[in-house]
Amino acid sequence: MIVRLGYVAMSMEVKNASPSKTMTATAFGKLGDREAAIRKLERIAAENLHNTLRLLRHNRAHDIHVYRFSSKLIPLIGHELLEGWDPFPALREGFAEIGQYVRQHHMRVSFHPDHFTVLSTPRLEVLGKSIADLERHVAMLEAMGLGTEAMCNIHVGGTYGDKAKAGERFVKNFGKLRPEVRRRMTLENDDKTFTALETLELAERVRAPLVLDIHHHEVNPGSESAAELWPRIQATWAGRGGAVEAAGADRGDAGGRPETAERAAASGAFAEAEAGAGAARGAVAVAAPPRSGEAQPAEDVAGLPRGSGGLPPKIHVSSPKSEKDPRSHADYVEAGPLLAFLREIAPSTPRLDVMIEAKMKDGALARLMDDLRQQADVTPLDQASFELKA
(Lines give C-alpha, C1' and ligand atoms only; values in the text may rest on other atoms or scores of the structure.)
Protein backbone atom coordinates (compact mmCIF):
# COMPACT_ATOMS: atom_id res chain seq x y z
CA MET A 1 0.00 0.00 0.00
CA ILE A 2 1.31 3.42 -0.99
CA VAL A 3 0.47 6.17 1.51
CA ARG A 4 0.85 9.90 0.99
CA LEU A 5 0.78 12.34 3.91
CA GLY A 6 -0.57 15.88 3.87
CA TYR A 7 -1.29 18.71 6.30
CA VAL A 8 -3.74 21.55 6.87
CA ALA A 9 -3.42 25.16 5.74
CA MET A 10 -0.55 26.58 7.83
CA SER A 11 3.14 25.75 7.79
CA MET A 12 5.33 25.75 10.87
CA GLU A 13 8.41 25.87 8.64
CA VAL A 14 7.61 28.76 6.26
CA LYS A 15 7.67 32.03 8.16
CA ASN A 16 5.26 34.93 7.64
CA ALA A 17 3.15 32.90 5.24
CA SER A 18 -0.31 32.84 6.79
CA PRO A 19 -3.03 32.13 4.20
CA SER A 20 -5.70 33.30 6.68
CA LYS A 21 -4.97 36.97 7.33
CA THR A 22 -8.14 38.89 7.97
CA MET A 23 -9.86 42.09 9.03
CA THR A 24 -12.52 42.07 11.72
CA ALA A 25 -16.04 43.23 10.91
CA THR A 26 -15.61 45.89 13.60
CA ALA A 27 -12.49 47.25 11.91
CA PHE A 28 -14.20 47.20 8.53
CA GLY A 29 -17.22 49.05 9.92
CA LYS A 30 -15.02 51.78 11.37
CA LEU A 31 -13.52 52.65 7.99
CA GLY A 32 -15.48 55.59 6.64
CA ASP A 33 -14.83 54.97 2.96
CA ARG A 34 -16.55 51.67 2.03
CA GLU A 35 -14.82 51.36 -1.34
CA ALA A 36 -11.41 51.94 0.22
CA ALA A 37 -12.25 49.36 2.90
CA ILE A 38 -13.20 46.81 0.24
CA ARG A 39 -9.97 47.44 -1.64
CA LYS A 40 -8.11 46.75 1.62
CA LEU A 41 -9.97 43.46 2.02
CA GLU A 42 -9.01 42.52 -1.52
CA ARG A 43 -5.35 43.32 -0.81
CA ILE A 44 -5.46 41.06 2.24
CA ALA A 45 -7.07 38.29 0.18
CA ALA A 46 -4.44 38.70 -2.54
CA GLU A 47 -1.74 38.32 0.12
CA ASN A 48 -3.45 35.14 1.39
CA LEU A 49 -3.44 33.72 -2.13
CA HIS A 50 0.24 34.67 -2.57
CA ASN A 51 1.08 32.94 0.72
CA THR A 52 -0.89 29.88 -0.36
CA LEU A 53 1.27 29.68 -3.47
CA ARG A 54 4.37 30.00 -1.28
CA LEU A 55 3.11 27.06 0.79
CA LEU A 56 2.49 24.97 -2.30
CA ARG A 57 6.05 25.63 -3.45
CA HIS A 58 7.26 24.60 0.01
CA ASN A 59 5.16 21.45 -0.27
CA ARG A 60 6.67 20.56 -3.63
CA ALA A 61 10.18 21.02 -2.25
CA HIS A 62 9.32 18.55 0.52
CA ASP A 63 7.40 16.07 -1.68
CA ILE A 64 4.07 16.86 0.02
CA HIS A 65 1.36 15.97 -2.48
CA VAL A 66 -1.72 16.42 -0.27
CA TYR A 67 -2.80 19.79 1.12
CA ARG A 68 -5.91 21.45 2.52
CA PHE A 69 -6.52 25.10 1.72
CA SER A 70 -7.51 27.57 4.39
CA SER A 71 -11.21 28.43 4.23
CA LYS A 72 -10.31 32.00 5.17
CA LEU A 73 -8.58 32.99 1.94
CA ILE A 74 -11.07 35.84 1.40
CA PRO A 75 -11.67 37.73 4.65
CA LEU A 76 -15.28 38.59 5.59
CA ILE A 77 -16.75 37.03 2.45
CA GLY A 78 -20.40 36.24 3.15
CA HIS A 79 -20.66 38.75 6.01
CA GLU A 80 -23.76 40.95 5.93
CA LEU A 81 -21.56 44.07 5.85
CA LEU A 82 -20.21 42.91 2.48
CA GLU A 83 -23.54 42.17 0.81
CA GLY A 84 -23.17 42.61 -2.95
CA TRP A 85 -19.36 42.34 -2.91
CA ASP A 86 -17.84 40.22 -5.65
CA PRO A 87 -14.13 39.78 -4.86
CA PHE A 88 -13.35 37.31 -7.64
CA PRO A 89 -12.53 39.72 -10.49
CA ALA A 90 -9.85 41.40 -8.35
CA LEU A 91 -8.45 37.99 -7.32
CA ARG A 92 -8.70 36.23 -10.68
CA GLU A 93 -4.95 36.16 -11.32
CA GLY A 94 -4.08 34.87 -7.84
CA PHE A 95 -6.58 32.03 -7.99
CA ALA A 96 -5.53 31.08 -11.51
CA GLU A 97 -1.86 30.96 -10.51
CA ILE A 98 -2.62 28.59 -7.64
CA GLY A 99 -4.67 26.32 -9.86
CA GLN A 100 -1.97 26.22 -12.51
CA TYR A 101 0.64 25.24 -9.93
CA VAL A 102 -1.60 22.53 -8.46
CA ARG A 103 -2.24 21.02 -11.89
CA GLN A 104 1.35 21.33 -13.02
CA HIS A 105 2.62 19.44 -9.98
CA HIS A 106 -0.31 17.03 -9.64
CA MET A 107 -1.26 17.92 -6.09
CA ARG A 108 -4.37 16.76 -4.28
CA VAL A 109 -6.03 19.78 -2.65
CA SER A 110 -9.26 20.31 -0.75
CA PHE A 111 -11.28 22.56 1.55
CA HIS A 112 -12.95 21.83 4.90
CA PRO A 113 -15.63 24.51 5.51
CA ASP A 114 -16.07 25.60 9.12
CA HIS A 115 -18.22 23.74 11.64
CA PHE A 116 -21.10 26.23 11.34
CA THR A 117 -21.73 25.02 7.78
CA VAL A 118 -24.34 22.33 8.50
CA LEU A 119 -26.99 20.70 6.33
CA SER A 120 -28.81 18.91 9.16
CA THR A 121 -30.07 22.15 10.68
CA PRO A 122 -33.83 22.70 11.09
CA ARG A 123 -33.38 26.49 10.72
CA LEU A 124 -33.85 27.86 7.21
CA GLU A 125 -31.61 30.85 7.90
CA VAL A 126 -28.71 28.63 8.97
CA LEU A 127 -29.31 26.33 6.04
CA GLY A 128 -29.30 29.21 3.57
CA LYS A 129 -25.98 30.46 4.99
CA SER A 130 -24.55 26.93 4.87
CA ILE A 131 -25.49 26.49 1.22
CA ALA A 132 -24.03 29.91 0.41
CA ASP A 133 -20.77 28.96 2.16
CA LEU A 134 -20.47 25.73 0.18
CA GLU A 135 -21.11 27.69 -3.01
CA ARG A 136 -18.29 30.09 -2.13
CA HIS A 137 -15.87 27.23 -1.50
CA VAL A 138 -16.75 25.67 -4.84
CA ALA A 139 -16.41 29.08 -6.51
CA MET A 140 -12.83 29.29 -5.23
CA LEU A 141 -11.98 25.86 -6.63
CA GLU A 142 -13.57 26.83 -9.94
CA ALA A 143 -11.60 30.09 -9.95
CA MET A 144 -8.49 27.92 -9.69
CA GLY A 145 -9.65 25.95 -12.70
CA LEU A 146 -9.65 22.67 -10.75
CA GLY A 147 -11.95 19.78 -11.59
CA THR A 148 -13.97 17.70 -9.18
CA GLU A 149 -10.86 15.92 -7.90
CA ALA A 150 -10.58 19.05 -5.68
CA MET A 151 -13.22 18.48 -3.02
CA CYS A 152 -14.90 20.03 0.04
CA ASN A 153 -15.22 17.99 3.21
CA ILE A 154 -18.11 18.52 5.64
CA HIS A 155 -19.64 16.95 8.73
CA VAL A 156 -23.29 15.92 8.90
CA GLY A 157 -24.01 18.45 11.65
CA GLY A 158 -25.96 18.45 14.90
CA THR A 159 -28.75 16.10 15.94
CA TYR A 160 -31.05 18.81 17.40
CA GLY A 161 -32.61 16.32 19.80
CA ASP A 162 -33.47 13.69 17.19
CA LYS A 163 -30.61 12.05 15.30
CA ALA A 164 -32.85 10.13 12.89
CA LYS A 165 -34.72 13.27 11.82
CA ALA A 166 -31.47 15.22 11.56
CA GLY A 167 -30.07 12.56 9.23
CA GLU A 168 -33.17 12.71 7.05
CA ARG A 169 -32.91 16.51 6.90
CA PHE A 170 -29.29 16.19 5.87
CA VAL A 171 -30.20 13.90 2.96
CA LYS A 172 -33.02 16.20 1.86
CA ASN A 173 -30.91 19.34 2.07
CA PHE A 174 -27.89 17.72 0.42
CA GLY A 175 -30.17 17.08 -2.54
CA LYS A 176 -30.92 20.79 -2.77
CA LEU A 177 -27.29 21.60 -3.55
CA ARG A 178 -26.51 22.28 -7.18
CA PRO A 179 -25.05 19.20 -8.93
CA GLU A 180 -21.74 21.06 -9.36
CA VAL A 181 -21.54 21.47 -5.59
CA ARG A 182 -22.71 17.95 -4.71
CA ARG A 183 -20.03 16.39 -6.90
CA ARG A 184 -17.31 18.04 -4.82
CA MET A 185 -18.62 17.01 -1.39
CA THR A 186 -17.12 14.43 0.95
CA LEU A 187 -18.53 13.52 4.38
CA GLU A 188 -16.59 12.94 7.59
CA ASN A 189 -17.58 11.27 10.86
CA ASP A 190 -17.39 13.59 13.85
CA ASP A 191 -16.20 13.23 17.44
CA LYS A 192 -19.51 13.68 19.30
CA THR A 193 -22.64 13.00 17.25
CA PHE A 194 -22.64 11.01 14.00
CA THR A 195 -20.45 7.92 14.20
CA ALA A 196 -18.47 6.50 11.30
CA LEU A 197 -21.20 3.96 10.54
CA GLU A 198 -23.99 6.55 10.72
CA THR A 199 -22.04 8.94 8.49
CA LEU A 200 -21.23 6.11 6.09
CA GLU A 201 -24.90 5.21 5.76
CA LEU A 202 -25.71 8.82 4.87
CA ALA A 203 -22.75 9.03 2.48
CA GLU A 204 -24.01 5.96 0.66
CA ARG A 205 -27.47 7.49 0.37
CA VAL A 206 -26.25 10.78 -1.10
CA ARG A 207 -23.46 9.09 -3.08
CA ALA A 208 -20.64 11.06 -1.52
CA PRO A 209 -17.22 9.66 -0.54
CA LEU A 210 -16.54 9.20 3.16
CA VAL A 211 -13.40 10.60 4.77
CA LEU A 212 -12.79 8.42 7.80
CA ASP A 213 -11.34 10.26 10.79
CA ILE A 214 -9.77 7.52 12.90
CA HIS A 215 -9.31 9.80 15.93
CA HIS A 216 -13.00 10.73 15.84
CA HIS A 217 -13.86 7.06 15.56
CA GLU A 218 -11.87 6.31 18.71
CA VAL A 219 -13.72 8.93 20.79
CA ASN A 220 -17.13 8.42 19.13
CA PRO A 221 -17.19 4.75 18.15
CA GLY A 222 -20.05 2.63 17.00
CA SER A 223 -20.38 -1.13 17.28
CA GLU A 224 -18.09 -1.80 14.29
CA SER A 225 -14.35 -1.26 14.12
CA ALA A 226 -12.88 1.06 11.50
CA ALA A 227 -11.36 -1.92 9.71
CA GLU A 228 -14.75 -3.66 9.55
CA LEU A 229 -16.28 -0.57 7.94
CA TRP A 230 -13.39 -0.07 5.54
CA PRO A 231 -14.64 -2.09 2.54
CA ARG A 232 -17.83 0.00 2.43
CA ILE A 233 -15.89 3.23 2.99
CA GLN A 234 -13.47 2.33 0.21
CA ALA A 235 -16.38 1.66 -2.13
CA THR A 236 -17.65 5.23 -1.73
CA TRP A 237 -14.49 6.42 -3.49
CA ALA A 238 -14.89 4.22 -6.57
CA GLY A 239 -14.37 6.18 -9.78
CA ARG A 240 -13.83 9.56 -8.11
CA GLY A 241 -11.53 12.08 -9.78
CA GLY A 242 -10.22 9.76 -12.46
CA ALA A 243 -9.62 12.41 -15.11
CA VAL A 244 -8.99 16.12 -15.40
CA GLU A 245 -12.31 17.92 -15.70
CA ALA A 246 -12.89 21.47 -16.87
CA ALA A 247 -14.59 23.30 -14.03
CA GLY A 248 -17.27 24.57 -16.40
CA ALA A 249 -17.85 21.37 -18.31
CA ASP A 250 -20.89 20.14 -16.38
CA ARG A 251 -22.75 23.38 -16.93
CA GLY A 252 -22.63 23.28 -20.70
CA ASP A 253 -21.08 26.76 -21.00
CA ALA A 254 -18.34 26.50 -23.59
CA GLY A 255 -16.40 29.37 -22.09
CA GLY A 256 -15.99 27.55 -18.77
CA ARG A 257 -17.48 30.53 -16.90
CA PRO A 258 -20.14 29.99 -14.24
CA GLU A 259 -23.19 32.15 -14.84
CA THR A 260 -23.98 34.69 -12.13
CA ALA A 261 -27.73 34.08 -12.40
CA GLU A 262 -27.21 30.36 -11.87
CA ARG A 263 -25.04 30.97 -8.84
CA ALA A 264 -27.57 33.35 -7.30
CA ALA A 265 -30.44 30.91 -7.74
CA ALA A 266 -31.48 28.62 -4.92
CA SER A 267 -33.72 25.62 -4.73
CA GLY A 268 -37.31 25.95 -3.57
CA ALA A 269 -37.68 27.29 -0.06
CA PHE A 270 -34.08 28.53 0.02
CA ALA A 271 -34.33 31.08 -2.80
CA GLU A 272 -34.73 34.01 -0.44
CA ALA A 273 -31.93 32.90 1.87
CA GLU A 274 -29.61 32.44 -1.09
CA ALA A 275 -30.46 35.68 -2.88
CA GLY A 276 -27.99 37.76 -0.91
CA ALA A 277 -25.23 35.22 -1.40
CA GLY A 278 -25.36 35.18 -5.18
CA ALA A 279 -23.66 38.53 -5.57
CA ALA A 280 -20.98 37.56 -3.06
CA ARG A 281 -20.16 34.46 -5.09
CA GLY A 282 -20.18 36.36 -8.36
CA ALA A 283 -19.04 35.27 -11.78
CA VAL A 284 -15.73 33.45 -11.66
CA ALA A 285 -13.23 33.27 -14.48
CA VAL A 286 -11.91 29.73 -14.63
CA ALA A 287 -8.36 28.87 -15.58
CA ALA A 288 -8.21 26.42 -18.45
CA PRO A 289 -7.27 22.79 -17.78
CA PRO A 290 -4.58 21.11 -19.87
CA ARG A 291 -5.56 20.98 -23.55
CA SER A 292 -5.93 17.66 -25.28
CA GLY A 293 -3.15 18.47 -27.72
CA GLU A 294 -0.56 19.01 -25.02
CA ALA A 295 1.89 16.32 -23.97
CA GLN A 296 0.34 14.19 -21.22
CA PRO A 297 2.34 13.73 -17.99
CA ALA A 298 3.02 10.32 -16.50
CA GLU A 299 0.75 11.26 -13.61
CA ASP A 300 -2.94 12.12 -13.71
CA VAL A 301 -4.75 14.56 -11.41
CA ALA A 302 -3.59 14.72 -7.81
CA GLY A 303 -0.32 12.92 -8.54
CA LEU A 304 -1.81 9.53 -9.34
CA PRO A 305 -0.30 7.25 -11.99
CA ARG A 306 -2.16 7.73 -15.26
CA GLY A 307 -4.84 5.07 -15.59
CA SER A 308 -4.97 4.40 -11.84
CA GLY A 309 -8.76 4.69 -11.86
CA GLY A 310 -9.33 7.76 -9.71
CA LEU A 311 -8.63 9.28 -6.35
CA PRO A 312 -7.55 6.96 -3.57
CA PRO A 313 -9.55 7.11 -0.35
CA LYS A 314 -8.55 9.76 2.15
CA ILE A 315 -8.53 9.52 5.93
CA HIS A 316 -7.82 12.01 8.71
CA VAL A 317 -5.40 11.26 11.52
CA SER A 318 -4.62 13.04 14.77
CA SER A 319 -3.80 12.10 18.35
CA PRO A 320 -5.57 13.07 21.58
CA LYS A 321 -4.19 16.13 23.33
CA SER A 322 -4.40 14.42 26.73
CA GLU A 323 -6.36 11.86 28.74
CA LYS A 324 -8.48 14.68 30.18
CA ASP A 325 -9.05 16.19 26.73
CA PRO A 326 -9.16 13.22 24.33
CA ARG A 327 -11.07 15.02 21.57
CA SER A 328 -8.65 17.93 21.07
CA HIS A 329 -5.68 17.49 18.76
CA ALA A 330 -2.15 17.05 20.01
CA ASP A 331 0.87 18.81 18.54
CA TYR A 332 2.08 15.63 16.85
CA VAL A 333 0.70 12.28 15.70
CA GLU A 334 1.49 8.98 17.39
CA ALA A 335 2.57 6.50 14.74
CA GLY A 336 1.29 3.40 16.57
CA PRO A 337 -2.51 3.80 16.22
CA LEU A 338 -2.18 4.92 12.61
CA LEU A 339 0.05 1.98 11.71
CA ALA A 340 -2.27 -0.48 13.43
CA PHE A 341 -5.15 0.66 11.23
CA LEU A 342 -3.06 0.80 8.06
CA ARG A 343 -1.79 -2.75 8.60
CA GLU A 344 -5.37 -3.99 8.85
CA ILE A 345 -6.48 -2.43 5.56
CA ALA A 346 -3.25 -2.73 3.55
CA PRO A 347 -4.09 -6.05 1.86
CA SER A 348 -7.18 -4.52 0.22
CA THR A 349 -6.01 -0.94 -0.25
CA PRO A 350 -3.41 -0.19 -2.93
CA ARG A 351 -3.27 3.58 -2.29
CA LEU A 352 -4.31 5.89 0.53
CA ASP A 353 -3.97 9.60 1.32
CA VAL A 354 -3.71 10.71 4.95
CA MET A 355 -4.48 14.24 6.11
CA ILE A 356 -2.65 15.08 9.34
CA GLU A 357 -4.68 17.25 11.70
CA ALA A 358 -2.05 18.17 14.27
CA LYS A 359 -1.12 21.50 15.80
CA MET A 360 2.42 21.38 14.43
CA LYS A 361 1.16 20.98 10.83
CA ASP A 362 4.01 20.12 8.43
CA GLY A 363 6.32 19.74 11.42
CA ALA A 364 4.09 16.92 12.62
CA LEU A 365 4.25 15.36 9.16
CA ALA A 366 8.05 15.39 9.19
CA ARG A 367 8.20 13.83 12.66
CA LEU A 368 5.68 11.15 11.70
CA MET A 369 7.79 10.22 8.68
CA ASP A 370 10.84 9.96 10.95
CA ASP A 371 8.92 7.61 13.25
CA LEU A 372 7.61 5.52 10.36
CA ARG A 373 11.13 5.02 8.97
CA GLN A 374 11.92 2.93 12.04
CA GLN A 375 9.32 0.31 11.08
CA ALA A 376 10.51 -2.82 9.25
CA ASP A 377 7.44 -2.97 7.01
CA VAL A 378 7.67 0.70 5.96
CA THR A 379 9.71 1.82 2.96
CA PRO A 380 9.96 5.62 2.48
CA LEU A 381 9.34 6.69 -1.11
CA ASP A 382 10.11 10.38 -0.61
CA GLN A 383 9.88 12.95 2.19
CA ALA A 384 6.10 12.56 2.63
CA SER A 385 5.15 9.18 1.14
CA PHE A 386 5.85 5.57 2.01
CA GLU A 387 4.99 2.02 1.07
CA LEU A 388 3.58 -0.32 3.69
CA LYS A 389 4.08 -4.00 3.02
CA ALA A 390 0.80 -5.90 3.19
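**View 1. A salt bridge inside one helix.** R39 and E42 sit three residues apart in helix α2, which is about one turn of the helix. Their side chains form a salt bridge, with the closest N and O atoms 2.9 Å apart. Keep in mind that this, like every view here, shows a predicted model. How exposed are the two partners? R39 counts as partly exposed, at 36% relative accessibility, whereas E42 is buried, with a relative accessible area of 9%.

**View 2. Helix α2 from one end to the other.** Step back from that pair and you can follow α2 through its 28 residues, from 34 to 61. From its first C-alpha to its last it reaches 41 Å, close to the 40 Å you'd expect at 1.5 Å a residue. At the start of the helix, a side-chain oxygen of D33 comes to within 3.1 Å of the backbone nitrogen of E35. Just after the other end, D63 takes a positive phi of about 60°.

**View 3. Helix α3 and its kink.** Now look at α3, where a kink of about 30° is centred on G94. What span should its 17 residues have? At 1.5 Å a residue they should cover 24 Å, and the end C-alpha atoms are 22 Å apart, so the two values agree. Plenty to spot along the way: the buried residues of α3 include F88, L91, F95 and I98. Once the helix is over, you meet H106, with a positive phi near 55°.

**View 4. A buried arginine, R103.** Stay with helix α3, residues 88–104, and find R103. R103 is buried but has no salt bridge. Where is the nearest side chain of opposite charge? That would be E149, and it is 7.4 Å away. Look instead at the backbone oxygen of M144, which lies 3.1 Å from a polar atom of the R103 side chain.

**View 5. A salt bridge between two strands.** The structure holds 16 salt bridges, and one of them brings together the side chains of D353 and R4, at 2.8 Å from N to O. This pair links distant parts of the chain: D353 is in strand β8 (residues 351–356) and R4 is in strand β1 (residues 2–8), 349 residues apart. D353 counts as buried, at 1% relative accessibility, and R4 counts as buried too, at 4%. Want to trace the connections further? Salt bridges that share partners join R4, R108 and D353 into one network.

**View 6. A loop residue bridged to a helix.** D377 and R343 form a salt bridge, their closest N and O atoms being 2.8 Å apart. D377 is in the loop between α13 and β9, while R343 belongs to helix α12, 34 residues away along the chain. At 19% relative accessibility, D377 counts as buried, because the cut-off is under 20%. R343 is partly exposed, with a relative accessible area of 37%.

**View 7. T193 and its surroundings.** Here's a threonine in the loop between β5 and α7: T193. At 23% relative accessibility, T193 counts as partly exposed. Which residues does T193 touch, leaving aside neighbours within four places in sequence? Its contacts are G157, T159, K163, E198 and N220. Take T159 as an example: T193 and T159 are 34 residues apart along the chain, yet their C-alpha atoms are separated by 7.0 Å.

Definitions and conventions: Residues numbered from 1 in each chain as written. Predicted model: local features only at pLDDT ≥ 70, side-chain atom pairs only at ≥ 80, totals over all residues. Heavy atoms only, no water. Helix = DSSP H or I, 4+ residues; strand = E, 2+ residues; numbered from the N terminus. Buried < 20%, exposed > 50% of the residue type's maximum accessible area, 1.4 Å probe, protein only. Lys, Arg positive; Asp, Glu negative; His and termini not counted. Salt bridge = Lys/Arg side-chain N within 4 Å of Asp/Glu carboxyl O. Polar contact = N/O pair within 3.5 Å; in protein donor to acceptor, adjacent residues only side chain to side chain. Expected span 1.5 Å × (residues − 1). Bend = angle between axes of the 7 residues up to and from the residue. Contact = heavy atoms within 4.5 Å.
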